[in-house]
Amino acid sequence: MIKQIPNIITSLNLLCGCVAVMFVLSGDLVIASFFAFLGIFFDFFDGLAARLLNASTKVGLELDSLADMITSGVVPGFVMVQLISQASTGHYLNITEMFSGNNWNEGFNQYLPFIGLLIVVASAYRLAKFNVDTRQTTSFIGLPTPANTLLILSLPLILAFQQTDLVSNLILNKWVLIALTVLSSILLNAEIPLFALKFKTWDFKSNSIRYLFLLLSVAALFFFHFLAIPAIIIIYILLSLFWRA
């Protein structure tokens, strides 16, 4: 039973991702984001539990990727679809109404949101590469899918809790969202080495970059709340580049 604890935690990640998808489709992006964040929380601890309990298995590895595909692939892609739909048509996407005669007057804009699905495809490709890439045992090549998910899902939370005219005009600009979709899809699969937040020991010398990142992240979240999340992802990439320099 103890050996199954990591798989149970991974399954909770998968469950949270499925619930998040349901809320995205119903147009409640805030609740969807919180369930996805909870799934990412479980995703962090399933690997930790596997190492502590010496319970790493091939089944667990595959289950982890499948869970990540939902929570950190499908969810952010669908959220981006809804955001682009809101920005281009003024309402969230409804597939049933989309092909009804009443919506043909929206023209090209009603199909524009599907560009957000690039994130789903890019995430799937990134996860598939990760499973066979022996270079990514202690670090990452390309932006990890959970980090990309945090970036995308921060947008509806910023709109809901820290909205200003500037924020609304920026986040609900369809061209900004499309550019972010393309950029995040590229970063997911770019040949950029990024450090992993996996602590093999707790000493400062070998984990200085991780402690610095965590300190900066906590400070940014304390002062700027959800607005800090995009900045944290940028800091993560810049620190990784500096760490490798």
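Buried here means under 20% relative accessible area, exposed means over 50%, and partly exposed is whatever falls in between, using a 1.4 Å probe and protein chains only. By that yardstick Lys198, with a relative accessible area of 36%, is partly exposed. The structure is a predicted model, in which local features need pLDDT of at least 70 and side-chain atom pairs count only at pLDDT 80 or more, while totals for chains, interfaces and linings use all residues. Residues are numbered from 1 along each chain as its sequence is written, and side-chain values use heavy atoms, with hydrogens and water left out.

Lys198 sits in the loop between strand E2 (193–195) and helix H9; helices (H or I, at least four residues) and strands (E, at least two) are DSSP runs, numbered from the N terminus. Leaving aside residues up to four places away in sequence, Lys198 touches Arg51, Thr137 and Arg210, where contact means heavy atoms within 4.5 Å. Ser184 is 14 residues from Lys198 in sequence, and their C-alpha atoms are 23 Å apart in space.

Next comes the core. A nonpolar core is a set of buried Ala, Val, Leu, Ile, Met, Phe, Trp, Tyr and Cys residues joined through side-chain atoms within 4.5 Å. The largest one has 48 residues, and those with the most contacts inside it are Val75, Val79, Met80 and Leu143. Helix H6 (residues 145–161) gives the most to this core, putting in 8 residues. As general background, nonpolar side chains in soluble globular proteins tend to be buried together. Leu143 touches Arg126, Asn148, Leu187, Leu188, Leu194, Ile233, Tyr236 and Ile237, again not counting residues up to four places away in sequence.

Helix packing follows. Axes are lines fitted to C-alpha atoms, for helices over the stretch in contact, and angles run from 0 to 180 degrees between N-to-C directions. Helix H3 (residues 58–89) and helix H8 (residues 174–189) have axes that come within 8 Å and cross at roughly 160 degrees. That makes H3 roughly antiparallel to H8, given that angles under 35 degrees count as roughly parallel, over 145 as roughly antiparallel, 65 to 115 as roughly perpendicular and the rest as oblique. The crossing of H3 past H8 is left-handed, meaning that the near helix is turned anticlockwise from the far one by less than a right angle (clockwise would be right-handed). On the H3 side the contact is made by Met80, Leu83, Ile84, Ala87 and Ser88, and on the H8 side by Lys174, Leu177, Ile178, Leu180 and Thr181. Sorted by class, this contact of H3 with H8 has 7 nonpolar, 2 polar and 1 charged residues; Ala, Val, Leu, Ile, Met, Phe, Trp, Tyr, Cys and Pro count as nonpolar, Asp, Glu, Lys and Arg as charged, and the others, Gly among them, as polar.

H3 also packs on H6, their axes coming within 9 Å and crossing at roughly 35 degrees. Here too H3 makes a left-handed crossing, this time past H6. H3 brings Asp68, Thr71, Ser72, Val75, Pro76, Val79, Met80 and Leu83 to the contact, and H6 brings Thr145, Pro146, Thr149, Ile152, Leu153, Leu155, Pro156 and Leu159. These residues of the H3 and H6 contact split into 11 nonpolar, 4 polar and 1 charged.

Pro76, part of helix H3, is buried, with a relative accessible area of 0%. Outside the residues up to four places away in sequence, Pro76 touches Thr71, Ile119, Thr149, Ile152 and Leu153. The C-alpha atoms of Pro76 and Leu25 are separated by 12 Å, with their positions 51 residues apart along the chain.

H6 and H8 pack against each other as well, at an angle of about 170 degrees with axes 10 Å apart. H6 and H8 are therefore roughly antiparallel. Thr145, Asn148, Leu151, Ile152 and Leu155 of H6 meet Leu177, Leu180, Ser184 and Leu188 of H8. By class, the contact of H6 with H8 has 6 nonpolar, 3 polar and no charged residues.

A few other sites round things off. His225 lies in the loop between helix H9 (204–224) and helix H10 (228–244), and has a positive phi of about 55 degrees although it is not a glycine. With a relative accessible area of 45%, His225 is partly exposed. Ser11, in helix H1 (residues 5–25), is partly exposed at 35% relative accessibility.
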